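Got your viewer open and a selection box ready? Load the model below, and let's walk through it stop by stop.

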Amino acid sequence: MGGISSHLQKFAPAGTMSWRLLLPLGLVTHLVFLASIFDIYFTSPIVHGMAPQKPLQPPPAARLVLISADGLRADKFYSRGADGRPLAPFLCRMARTRGVWGVSHTRVPTESRPGHVALVAGVYEDPSAVTRGWQENPVPFDTVFNQSSHTWAWGSPDIVPMLAKGATPGRVDTFTYDAHEQDFARGLASELDGWVFDRVSEFLRTAAGHPATDARLRQQGTVLFLHLLGLDTTGHGHKPQSSQYADNIRFVDAGLEKLIGEIDKYFNDSRTLFVFSSDHGMTDWGSHGAGDPSETQTPLVAWGAGIRGPLPAPDGDPPPDAITAALYAGRAVDQGMAEEGEKREEGRELLELRRTDVAQADIAPLVTALLGLNLPVNSVGRLPPDILGVPPDQRADLLFTNARQLLCQYETRRQQRRAATAAALYWEHGRLAPHAQTQMVNKVLDYMQKRDWDNAMFLIGELMDLALAGMHYYHTYDRPMLQTAVTLCYLGWMLLLASHLVKTSGTSVPAEGPSAGGPAALAVGVVGTSVAVFLIVAKSLPAHYAVYLLLPVLLWSVLAYDVSGLWAVRAAAGDRGTVLRHGAVLVGIELLVVSFFQRWVLSVLLLALAPWPLTLPKYRKRLTVLWVGSSVLLAGFPLSPVITHQANYLLVKAAAMFSAGGVALASLSGELRLFRPVDRLREPRHCRLILLAQVAFLAAAAGATHAVQSAVGSRTAVPGFVHVASWAMLALSWLLPCLSSAWLLNRLLHVTAALLVPFLLLSLGREALFLPLLALHLYSWTRLEHTAEQKQLAELSFDDPLRKNEARRPAQFGDTRRAFFYLLFVMFAFFGIGNIASVNSFDPTCVYAFVTVFSPWVMGALLLTKILVPFLLVCCYGRAVATVTRMSTQRLFLTVLLMSDVMSVHFFFLVTDAGSWQDIGFSISHHVIATGTSCFLLILHGAARVLTSATWWSPVESVLTERRRSRVDRLGGGEIEVSVVGGSATQGIKLE
């Protein structure tokens, strides 16, 4: 980007901030925008210093068996197979005859680590753990494992050791299989669950003959934790709708039936508490992470010590969700079997029994309370009273323990906030002030002493509600201040950017209005800095909060110094025609905002712009047909489902061969200089060899896809040579364009072929056609923007020395239109084949050509590559449009940046922490994406410049020439013809 940053200031009027200053300021500002969301909404909810709380009465349970079936959807668990039998007959029988059944509702992000943290700690994941790949604990927190007398845990090496971190040394024993066993493409992932069952059975047999281990197992408060990863692995590899997923559920149920029989036989005292649930569900296409009900609804079956027995369902209709639908479908099948005279299973149907739904974090206080242990001190869960099978006095005791534990957290937060804040800026949470808290606690004790359990438990519930609300109040205490500071940053930055664009437009700027004002800038700086320092000191804010408070001071000080820029913006807005034209663009930006929620809006925009070529001065039939045809075809992608639920490898192979044929056919065009008659415009031989290699890579992508299809179909491992070849093609694809010349059409063909290769290797179905069609659409856009009076396209170069030195033409409305087209194509590249506001809309199966063993960082990087390839293609063609229209590349980029900031500020105010967790997750991710787009533009703009302008063949050619010269010297003379590739015509130089 440095190569293009030195020209704008030559044409900028005095007093205008140069590109060299504006670029780093913009980067810093957008990084602040991006980071602000994490400090406003994603700060750690964990505090320390609370006294532990435990029940007063003797516990009903002596031990806990906690089973987590990773990736198990509630509706699939409660459904029936084609034979009419439940997929999990044993667990459903436990729910019908001995315990409770229902749904555990998870929160965003629906990933393995956050889900298990909620299960065993009762706290929803510290969001800063995402920076460590959900693998470590950024902030220590208390867990059920740490409060137990001893815990034995079996399962995945990614989950079990992580949950044991932070516990008292020697308190948790972990047993895990090798990480390479977690292969998404393997045929029987249920073997992972079988490994757990076998090891637990072996452990019980060994303990029976080992008195010390037997004594530890029988002491009060022990925990056996089973993490079953098979369903998650099967769901990723074969999808939850597959027979493999149903078979894995049956395998888990059968394995648990045998194992739980062994546990009951071992202890033989009816004091074991059993809880079966999951960390998260899974979408139909085998991914998770967002807030769809298929991801947030997990099964809950609990029975044993302290758990009530089955109760009749209340009158009225059950919840209208997927679980109810699955059970109704099962009832229809069951009734059909009964009519045929088949024997119905023992017990009542689940629909006839009371369903108990809990929050995922409620399980941790439930199990610790029933074990008589200290509740995890960081837990925000509420013990569900409907599950308890204990006398009323003990129920009240357990609930009051839960309330005391929440009040301890509230009081710790309150005291910490009060100690850190000056009295003038501290406002108490009125409904739970110390005197009000004391009154409510005393009243609860009074009700309990009078054995008025109903009123006591009602008041305890109100006390827990207030404690949670108070914790949220103090946790978000500084949020309004940060939101105000960031809003001022947005306004200051957008005004600064708008004034810069107007003053560097090349048109006359009115001289009226005040000129540069040093005193005004000084006043803004002094006052703003004073306020910022006062807030930092008075509220004891973290040091990095100074960035949020001082950045708006800097931006508004710059604006105050160059007030003429604001007057220029005001003058430009005074022209009615300008306002109308830019108002239309603003409407388009608003529609792009709507497209984040409704993808079909992108189709409407694309079709609305289809007649655009008819408005151009010169009608070009073939290009117009290409533009309209590609618009219609591309418009179908946002209208289709977000992702293909079943892989269509045949379509991917067809797209790869179509791309290979298209690139080969395009290379025959005379304008591309590759195979034209020998003249000064013909490309050197190595460019033709590079193109042939790229065509071969595209064909090889079809071969790699076929190999993956065969491996998945036969349930065998993907051959190692496929992985090696895919990684090699991925690496070389980025290198080859930079070895070709910088002629515009030729380089665009090389870049398109290079980006098609990794995208096709990461495709599973119709999205394989998306990038070739997008490339055709962008090519027609580039050709239509090219005007007749300019040089022929064959003579234009990305690195043209003449173009670098020519005077910039004045800005015109067409530049704003081009910037809007550019932003539209960027959004279309993001949302055309998936909803990037939810990364789980991309199927993890697409990485099988590269890796099948679970590796979150590698798989995440490959998914990110698939996401960014269309974006990068748009950036490269955007540079081409700037070249053919003689538009300043900086101006194109800054105009797009301003438009994306308008979108970003929308999403900043749409961020919410109320409503469903799906709404909360989407609102935050939308803002991160809109702001991240600006940051990506800064980065990918430079990457696109390298792909389109870098010429790395010259050093290679120099080495080859020197070797040829040495060879000629050894042979005694001769001539060598050397091809010199540059921004002008290729020349032949003879060395004698």
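Start by selecting residues 889-910, which make up helix α33. This helix has 22 residues and spans 32 Å from its first C-alpha to its last, close to the 32 Å expected at 1.5 Å a residue. Keep in mind as you go that you are looking at a predicted model. Now switch on a surface: α33 is mostly covered, with 18 of its 22 residues buried.

**Strand β3**

Next, select residues 150-155, strand β3. Six of its six residues are buried, so the strand is largely enclosed by the rest of the structure. Colour alternate residues and you can check both faces. On one side you have H150, W152 and W154, and on the other T151, A153 and G155, all of them buried.

What does β3 pair with? Add residues 222-228, strand β5: the two run in the parallel sense and share five bridges. Then add residues 172-176, strand β4, which also pairs with β3 in the parallel sense, over five bridges. W152 is a handy residue to centre on here. Its bridge partner in β5 is L224, and its bridge partner in β4 is D173.

**Just past β5**

Stay in this area and pick L229, in the loop between β5 and α10 (230-238). Is L229 buried or exposed? Its relative accessible area is 8%, so it counts as buried, the cut-off being under 20%. Draw a distance from L229 to A189: the C-alpha atoms are 8.1 Å apart, with the two positions 40 residues apart in sequence.

**A long jump in sequence**

Now pick F854, which sits in the loop between α31 (813-831) and α32 (856-884). At 29% relative accessibility, F854 counts as partly exposed. Add T233 to the selection. F854 and T233 are 621 residues apart along the chain, yet their C-alpha atoms are separated by 8.6 Å.

**Strand β2**

Move on to residues 99-105, strand β2. Six of its seven residues are buried, so β2 too is largely enclosed by the rest of the structure. It has a pairing of each sense to look at. With strand β7 (residues 297-304) the pairing is antiparallel, over seven bridges; select H105 and you'll find its bridge partner in β7 is Q297. With strand β8 (residues 355-359) the pairing is parallel, over five bridges. There, select W101, whose bridge partner in β8 is R355.

**A nonpolar patch**

Turn the surface back on and select L732, L735, V946 and W952. Together they form a nonpolar patch on the surface, with about 320 Å² of accessible area. Of these residues, V946 belongs to helix α34 (residues 917-949), and at 36% relative accessibility it counts as partly exposed.

**Cysteines**

Last stop: show the cysteine sulfurs. How many disulfides does the model have? The count comes to zero. For a case to inspect, select C738 together with C876, which holds the closest cysteine sulfur to that of C738. The gap between the two sulfurs is 9.6 Å, and a disulfide requires them to be within 2.5 Å, so this pair is too far apart for a bond. C738 is also buried, with a relative accessible area of 1%. Finish with C489, which counts as buried at 1% relative accessibility.

Note on methods:
Residues are numbered from 1 along each chain as its sequence is written. This is a predicted model: local features need pLDDT of at least 70, side-chain atom pairs count only at pLDDT 80 or more; totals for chains, interfaces and linings use all residues. Side-chain values use heavy atoms; hydrogens and water are left out. Buried means under 20% relative accessible area, exposed over 50%, partly exposed in between (1.4 Å probe, protein chains only). Helices (H or I, at least four residues) and strands (E, at least two) are DSSP runs, numbered from the N terminus. Two strands pair if DSSP finds at least two bridges between them. Patches are made of residues with over 30% relative accessible area and no salt bridge: like charges are joined within 9 Å, nonpolar side chains (Val, Leu, Ile, Met, Phe, Trp, Tyr) within 5 Å. Accessible areas come from the Shrake-Rupley method with a 1.4 Å probe; for residues, only the protein chains shown count as cover. A salt bridge is a side-chain nitrogen of Lys or Arg within 4 Å of a carboxyl oxygen of Asp or Glu. The expected span of a helix is 1.5 Å times one less than its number of residues.
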